[in-house]
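Subject: The structure for you to look through

Hi,

Here is the structure I promised to hand over. Please open it alongside this email, and I will walk you through what turned up.

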Amino acid sequence: MALDNGLAIRAPHIAATGKFEVHRRNRSLSQGNDNDRDDERLVSGSDDFTLHLWRPLRESKPIVRMVGHQQLVNSVAFSADGEHIASASFDKSVRLWNARTGAFLHTFRAHVGAVYSVVFSPDSRLLLSASRDATLKLWHVRGRKLKADLPGHADEIYAIDWAPDGSHAASAGKDKIIKFWHH
């Protein structure tokens, strides 16, 4: 089975307004002030076990290469507050990074299978990961600890997301079941 590698963008002016226009000729965005555009970042995860942090509107090359995973990177996500990046890997780990500098902060380990997906809660306090081991793990970002182990799927979990208000999350996987998790 093939999974996509991760790509995430942090664009404060788009998040705040929900509107943007792409100019095809120079591939730039037309809304937001210059400070917002300077803050725009993109992170990519790769089969070569690395992540790259980019400023796509300022530079054509990555600003930093982030290393540490021992197998391919499946998923990446920015926290809503723009402080952190999370990455999920076939190496059974979730890594936490500084979203401004790309500096490594912490490795979360509790999965016994490849980690397919990560997503931050809307308030950026919690991180949810989904795995081949048929579990979700809920992590406390600041405390750097496992908050809850969420078994319940019968097989691999491929997709996860939070409700916009953070009251619950949803997961779906190979068992063809969608589960809702209230917190």
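**The sheet at the end of the chain**

A169 stands opposite W181 in strand 17. That pair belongs to the antiparallel pairing of strand 16 and strand 17, which is made over five bridges. Before going further, please keep in mind that this is a predicted model.

Strand 16 and strand 17 form a hairpin with four residues between them. In that turn, K176 has a positive phi of about 65 degrees.

On its other pairing, strand 16 (residues 168-173) runs antiparallel to strand 15, again with five bridges. If you want a pair to click on there, I157 has G173 in strand 16 as its bridge partner. Put together, the three strands make an open sheet in the order 15-16-17, with antiparallel pairing. Its edge strands are strand 15 (157-162) and strand 17 (178-182), and each of them pairs on one side only. Neighbouring strands of this sheet are turned by 20 degrees against each other on average, direction ignored.

A172 is a good residue for getting a feel for this region. It lies in strand 16. Is A172 buried or exposed? Neither label fits: with a relative accessible area of 24%, A172 is partly exposed, because buried means under 20% and exposed means over 50%. Leaving aside neighbours within four places in sequence, A172 is in contact with H153, I157, Y158, A159, I177 and I178. A172 and A130 are 42 residues apart in sequence, while their C-alpha atoms are 9.3 Å apart in space.

**What the record says**

UniProt, in an unreviewed entry, lists residues 66-107, 108-149 and 150-183 under "repeat: WD". For residues 150-183, the model gives 53% strand and 0% helix. The end C-alpha atoms of that span lie 11 Å apart.

**Strands 13 and 14, and a lysine to look at**

Strand 13 (residues 136-140) and strand 14 (residues 145-150) run antiparallel and are joined by five bridges. Their hairpin has four residues between the strands, and R144 takes a positive phi near 55 degrees there.

The residue I would look at here is K137, which lies in strand 13. Which residue stands opposite K137 in strand 14? That is D149. The side chains of K137 and D149 also make a polar contact, at 2.8 Å. K137 has a relative accessible area of 5%, so it counts as buried. Apart from neighbours within four places in sequence, the contacts of K137 are A110, H111, L127, L128, S129, L146, A148 and D149.

**A sheet of four strands**

Further back along the chain, four strands make an open sheet in the order 7-8-9-10, with antiparallel pairing. Why is one side of strand 7 and of strand 10 left without a neighbour in the sheet? Strand 7 (73-78) and strand 10 (104-109) stand at the edges and each has a single partner strand, so one side of each has no neighbour in the sheet. The twist in this sheet averages 20 degrees from one strand to the next.

Strand 9 (residues 93-98) pairs with strand 10 in the antiparallel sense over five bridges. Within that pairing, L96 has H106 in strand 10 as its bridge partner.

V73 is placed in strand 7. Its relative accessibility is 0%, so V73 counts as buried. V73 and Y116 are 43 residues apart in sequence, and their C-alpha atoms are 8.6 Å apart in space.

As you turn the sheets around on screen, one general point may help: in a regular strand the side chains alternate between the two faces of the sheet.

**The protein as a whole**

To finish, here are the overall numbers. The protein has two helices and 17 strands. Of its 183 residues, 45% count as buried. Among contacts between residues at least 6 apart in sequence, 40% join residues at least 24 apart. The accessible surface comes to about 9,700 Å², and 50% of it belongs to carbon and sulfur atoms.

Happy browsing, and best wishes

How values were computed. Residues numbered from 1 in each chain as written. Predicted model: local features only at pLDDT ≥ 70, side-chain atom pairs only at ≥ 80, totals over all residues. Heavy atoms only, no water. Pairing = 2+ DSSP bridges. Axes fitted to C-alpha atoms, helices over the stretch in contact; angles between N-to-C directions. UniProt positions renumbered as here; feature names shortened; annotations may be inferred. Buried < 20%, exposed > 50% of the residue type's maximum accessible area, 1.4 Å probe, protein only. Contact = heavy atoms within 4.5 Å. Areas by Shrake-Rupley, 256 points an atom, 1.4 Å probe, with all protein chains shown as cover. Polar contact = N/O pair within 3.5 Å; in protein donor to acceptor, adjacent residues only side chain to side chain.
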